[in-house]
Amino acid sequence: MGLNVTQKLIQDHLLSGEMVPGQEIGLKIDQTLTQDATGTMVMLELEAMELDRVKTEASAQYVDHNLIQVDSKNPDDHLFLQSAARRFGFYYSRPGNGVSHPVHMQRLAKPGKTLLGSDSHTCANGCMGMLAMGAGGIDVAMAIAGEPFYVKMPQVWGIKLTGKLPDWVSAKDVILELLRRHDVKGAVGKVIEYYGPGLNHLSAMDRHVIANMGAELGATGTVFPSDNEIKRFLKEQGREEDWVELKADKDAIFDIDEEIDLSTLEPLIAKPSSPGNVVRVTDVAGTPIYQSYIGSSANPGFRDFAIAAEIVKEKQVAEGVSLDVNPTSRQMLTDLVKESHIASLLQAGARLHQAGCNGCIGMGQAPATGRNSLRTTPRNFPGRSGTKEDSVFLCSPETAAASALTGVITDPRTIGKNAPTIKEPKQVTIDTNLLEEPLPIEEAQKIELQKGPNIASIPEMDALPDELELPVLLKMGDNISTDEILAGGSRVLPYRSNLPEISKFCFEIIDPTYYERGKLSLDLGGHAVVGGFNYGQGSSREHAALAPRYLGLRVALVKDFARIHWQNLVNFGILPLTFINVQDYDELEEGDILQLKDIRTKIKQANELSVDVKGKNKSIAVNHLLSPRQIEIILAGGLINWVRETKEAKK
């Protein structure tokens, strides 16, 4: 029996475990990616580990999230990250160079390699024939230090693509179709692998668009083959020597099979406030909009901007509409300028922003209260845009541009019979001026870390007690995102390296009293939270586990977890439990006291245990899905303690 591409990648990097879905495996990581919203904590963790130099083939630190400099916090952290990158041997992508995912694809991604990033959309680089996965920052720090990355062996979900996309339909509509079919937890525990004749009509950047939003399906990763299109892309980038062919064997099979006929797709759109709330554009056509936003890592390619430019060329944006253009890399922006596409956008009334994540993470370009925003970004979770009561729709660049002209959500097929034809630049700009290469080790060891006043060390975390008596501070529903647990945006992310300050924003969207109540719980031994399905979906930011832990969170009891957040909870010593009978969720209320006895012994003996509800004569059956290694981490109070104890034991 042959292997698919995912299995080949895993087999080539397997350090421990067996390739049996659901079992924990350890993987060798070739490359890592960190960005400034998560990288500051990673660098502090590397300092605490006393790392001398990165152990990977290539590790890159990008500054793409926190670009707004309204005071000294962000620039201070940029200087810290630059000094740490130089000290530890990272590539360093300076502010303005662009979003990590497309820049990494252009300059560093290699077929056949593994990539681990402290950003959930790291999976975008699966377009290059890589196994690219998002993880919490401390997992990435461990990989940088040469340790394996542990993950449960995923099922491989093969999606055969046939046909060719019709005019006015693009790659964004492909991934929106999958979200329409399967919603935001449809790929949990799976790697999505695309194959079939339809790939012949999808460029490397089209594949990036599709792979990027595999994160919105909850996938461990998304994998495309490395074929002649990837060879063409690498040659265009001056990196043809990095290409290797990587395809599934002819007799390869998949754990799950599905097919998409590209020729049958039509323009789709995700309504507020979930990427899985997908309908046809025709179903919401005519809805007024305030903003149309083009760019982000979910539509980062030359074509994505050029098609919008051609649609609005020699026309004017509708009165009252803000057309926001968010370039994704300096290199791409230069080519768009050379081909006059930026001029077409500006002349139509667009606003041009700097190359970075920007509005995608709530860093500027927030929409007005009570108005609709149309965006090509990957997420529309509540409040993520920077406006508390936002109304964000997700769509393709074609739909965004057509709607900007009319002032209402518009099916792009209604503005012309044939879509504009986009010609790629004859010679792609290769710009590495803002991508600093690692220093030689002799120079690197002389670098001192530059820490601004906003950087605070991670506080000590205590081990798991043998008994817990915890009030339920919050009871939440399904699909709670990390943006709701700990918001992003310009108010919050400047405190990414200051845990005491960033914890003040914890759960504020759900309950603004959580911070004060959490602090009070510390004197009583901490607290618990209860949630529904897919708890912790979205961003990989470990602050969404670290900040609640700082405020006393010891147990999260939910129907099920999103993968990355579940691992982040373990990494910081929070016990993640799931209901054995989901109906028991209805038995719990905010304010109930959960009692767990003899925990340290019980979680080692079995996956199932019981939680008593004090004063209600109730006992709820729960389980944990922890591996023996993860149990040790939980008992120690988190990964940092576990690493320290392991080192001491080896002395």
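Here is a short walk through one helix and two pockets of this model.

The model is predicted, so to speak from the record: local features need pLDDT of at least 70, side-chain atom pairs count only at pLDDT 80 or more, and totals for chains, interfaces and linings use all residues. Residues are numbered from 1 along each chain as its sequence is written, and side-chain values use heavy atoms, with hydrogens and water left out.

Let's start with helix α4, residues 100–107 (helices are DSSP runs of H or I with at least four residues, strands are E runs of at least two, numbered from the N terminus). Eight of its eight residues are buried, so the rest of the structure largely encloses α4. Buried here means under 20% relative accessible area with a 1.4 Å probe, protein chains only. Among them are His 101, His 104 and Arg 107.

Now for the pockets (open sets of points on a 1 Å grid over the protein atoms alone, with protein on both sides within 12 Å along at least five of seven lines; lining residues have an atom within 4 Å of a point). The largest has a volume of about 820 Å³, counted as the space filled by probe spheres set on the points, which are joined across faces, edges and corners. Its lining has 37 residues, with Ser 203, Asp 206, Arg 303, Ile 422 and Glu 424 nearest the centre. Helices α7, α8, α10 and α11 each supply at least two lining residues.

The second largest pocket has a volume of about 610 Å³. Of its 29 lining residues, Lys 152, Val 188, Gly 189, Trp 566 and Leu 625 are closest to the centre. Strand β8 gives the most to this lining, with four residues.

Note on methods:
Buried < 20%, exposed > 50% of the residue type's maximum accessible area, 1.4 Å probe, protein only. 1 Å grid on protein atoms, 1.4 Å probe; cavity = no way out; pocket = protein on both sides within 12 Å on 5 of 7 lines; lining within 4 Å.
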